[in-house]
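Work through the exercises below with the sequence and coordinates at hand. Each task is followed by a stepwise solution.

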Amino acid sequence: MGKLTTHILDTRDGKPGKNILIQLYVLQNESWELLKEVRSNDDGRCDGPLLEGDDLKTGQYELVFHAGQYFDDQGVDLPEPKFLDEIVLRFGIPDASEHYHVPLLVSPFSYSTYRGS
């Protein structure tokens, strides 16, 4: 059964990125439709898959991580506007039967991702 999952690692402090707002969008008829809003838990993960089973379809998706608010909440003194605030990861899912893990490794001035499983 296919599913989409994510997690967040705060590479500034080497700890899970907890309580970060994550929005999941899907491209429908040339516009982005919000599917879900969740917050990461104390382990930097979501409590369940973002999408799973029949809810996961082939297509273009977008995850928006509200990292700027997270670093504000952590008391990190950053210049305004922030270099990184809302981080958008746009990716495709070509096979809905597979597991797509899309993590975010983030600091106030850099981020990276990869396709995990």
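A residue counts as buried when its relative accessible area is under 20%, and as exposed when that area is over 50%. The model is predicted.

**Exercise 1.** State what share of the residues of the protein chain counts as buried, and describe the exposed surface.

Solution. Step 1: apply the cut-off to the 117 residues of the protein chain; 42% count as buried. Step 2: take the surface, where the protein chain exposes about 6,600 Å². Step 3: split that area by atom type; carbon and sulfur atoms supply 44% of it.

**Exercise 2.** List the order of elements in the protein chain and judge its compactness.

Solution. Step 1: count one helix and 11 strands. Step 2: read from the N terminus, which gives β-β-β-β-β-β-β-α-β-β-β-β. Step 3: compare the radius of gyration, 14 Å, with the 13 Å from the globule rule for 117 residues; the two are close, so the protein chain is as compact as a globular protein of that length. Step 4: add the contacts; of those with a separation of 6 or more, 61% are between residues 24 or more positions apart.

**Exercise 3.** Is Q23 buried or exposed, and which side chain does the side chain of Q23 join in a polar contact?

Solution. Step 1: locate Q23 in strand 4, residues 21-28. Step 2: Q23 has 11% relative accessibility, so Q23 counts as buried. Step 3: its side chain makes a polar contact of 2.8 Å with the side chain of E37. Step 4: leaving aside neighbours within four places in sequence, the residues in contact with Q23 include L34, K36, E62 and H66.

Definitions and conventions. Residues are numbered from 1 along each chain as its sequence is written. This is a predicted model: local features need pLDDT of at least 70, side-chain atom pairs count only at pLDDT 80 or more; totals for chains, interfaces and linings use all residues. Side-chain values use heavy atoms; hydrogens and water are left out. Helices (H or I, at least four residues) and strands (E, at least two) are DSSP runs, numbered from the N terminus. The radius of gyration is taken over C-alpha atoms; the globule rule is 2.2 Å times the number of residues to the power 0.38. Buried means under 20% relative accessible area, exposed over 50%, partly exposed in between (1.4 Å probe, protein chains only). Contact means heavy atoms within 4.5 Å. Accessible areas come from the Shrake-Rupley method with a 1.4 Å probe; for residues, only the protein chains shown count as cover. A polar contact is a pair of N or O atoms within 3.5 Å; within protein, one must be able to donate a hydrogen and the other to accept it, and residues adjacent in sequence count only if both atoms are side-chain atoms.
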